[in-house]
Amino acid sequence: MGSQLSQLRQDEIVELKKNTLLSTEEISTLYQRFKRLDRDNSGTLSMDEIFSIPEFAMNPLAKHIVTYMLRNEETKEISFYTFIKFMQTFSVYASREDKFRLAFDIYNMSNSGFLDEAEIFQVMKAMAGSKIEDAEIWRIVKQIIFENDLDLDGALSFEEFRNALAFSDVVERMSLR
């Protein structure tokens, strides 16, 4: 998909359907949303354009999400393909495993494949803001590691993370209705 997006071609829609969980209608809807956000018509979304979405800007994990989305981008702008690959995880057709994987990958800012205490602290601090003292957050982080680090390596693997959240509502929260 070129840098300038004026209209999706049929072959691009077919390719996106083949490589995502999205229907033609969902791809079209996301494309229209992407175009509205792309105020400078560059075919990519800048940080300013992303953070102009009020619901996104208010998300305590917004910076982590943008960092995740930019991991494989050559520029510091988000392409339509990256946008749609990210958004597909919120589809009702995405599996629990896909949703857990996305959450894990967003939290795993070092891209190490493990969540260490510092990464868990950063996520919890972002979510709690100033409502909880840092010392209390550290206590909670240590408890999370203690209860879920089955191989005792001081960090959570994806499997340990998934097991820790198995009974949470994270999957429901990651579904657009």
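Helices, taken as H or I runs of at least four residues, and strands, taken as E runs of at least two, are DSSP runs numbered from the N terminus. With that numbering, Thr-89 is found in the loop that lies between α6 and α7. The model in which this residue sits is a predicted one.

It helps to begin with the chain as a whole. Eleven helices and two strands make up its list of elements, and their order along the sequence is α-α-β-α-α-α-β-α-α-α-α-α-α. The C-alpha trace spans about 50 × 30 × 30 Å along its principal axes. The chain has 177 residues, 41% of which count as buried. Its exposed area is about 10,600 Å², with 54% supplied by carbon and sulfur atoms. Among contacts between residues at least 6 apart in sequence, 55% join residues at least 24 apart.

Thr-89 offers a handy way into the interior. Its relative accessibility is 10%, and because buried means under 20%, Thr-89 counts as buried. Apart from neighbours within four places in sequence, the contacts of Thr-89 are Ala-94, Asp-98, Lys-99, Leu-102 and Met-174.

Two of these contact partners lead on to the pockets. Met-174, a contact of Thr-89, is among the residues closest to the centre of the largest pocket, together with Asn-59, Ile-65, Phe-90 and Arg-173. This pocket holds about 1,400 Å³ of space, and 45 residues line it. Many helices take part: α2 (24-37), α4 (54-57), α5 (62-70), α6 (80-87), α7 (96-107), α8 (117-128), α10 (158-164) and α11 (170-173) each give at least two residues to the lining. The largest share, six residues, is supplied by α2. Sorted by class, the lining contains 33 nonpolar residues, five polar ones and seven charged ones.

Leu-102, also in contact with Thr-89, points the reader to the second largest pocket, where Leu-102 lies among the residues nearest the centre, along with Tyr-68, Asn-72, Lys-85 and Phe-86. About 350 Å³ of space lies in this second pocket, and its lining numbers 18 residues. At least two of these come from each of α5, α6 and α7. Its lining divides into seven nonpolar, five polar and six charged residues. The helices α5, α6 and α7 thus appear in the linings of both pockets, each supplying at least two residues to the largest and at least two to the second largest.

Terms used: Residues are numbered from 1 along each chain as its sequence is written. This is a predicted model: local features need pLDDT of at least 70, side-chain atom pairs count only at pLDDT 80 or more; totals for chains, interfaces and linings use all residues. Side-chain values use heavy atoms; hydrogens and water are left out. On a 1 Å grid over the protein atoms alone, a cavity is a set of points where a 1.4 Å probe fits but cannot get out, and a pocket is an open set with protein on both sides within 12 Å along at least five of seven lines; lining residues have an atom within 4 Å of a point. Grid points are joined across faces, edges and corners, and a volume is the space filled by probe spheres set on the points. Ala, Val, Leu, Ile, Met, Phe, Trp, Tyr, Cys and Pro count as nonpolar, Asp, Glu, Lys and Arg as charged, and the others, Gly among them, as polar. Buried means under 20% relative accessible area, exposed over 50%, partly exposed in between (1.4 Å probe, protein chains only). Contact means heavy atoms within 4.5 Å. Accessible areas come from the Shrake-Rupley method with a 1.4 Å probe; for residues, only the protein chains shown count as cover.
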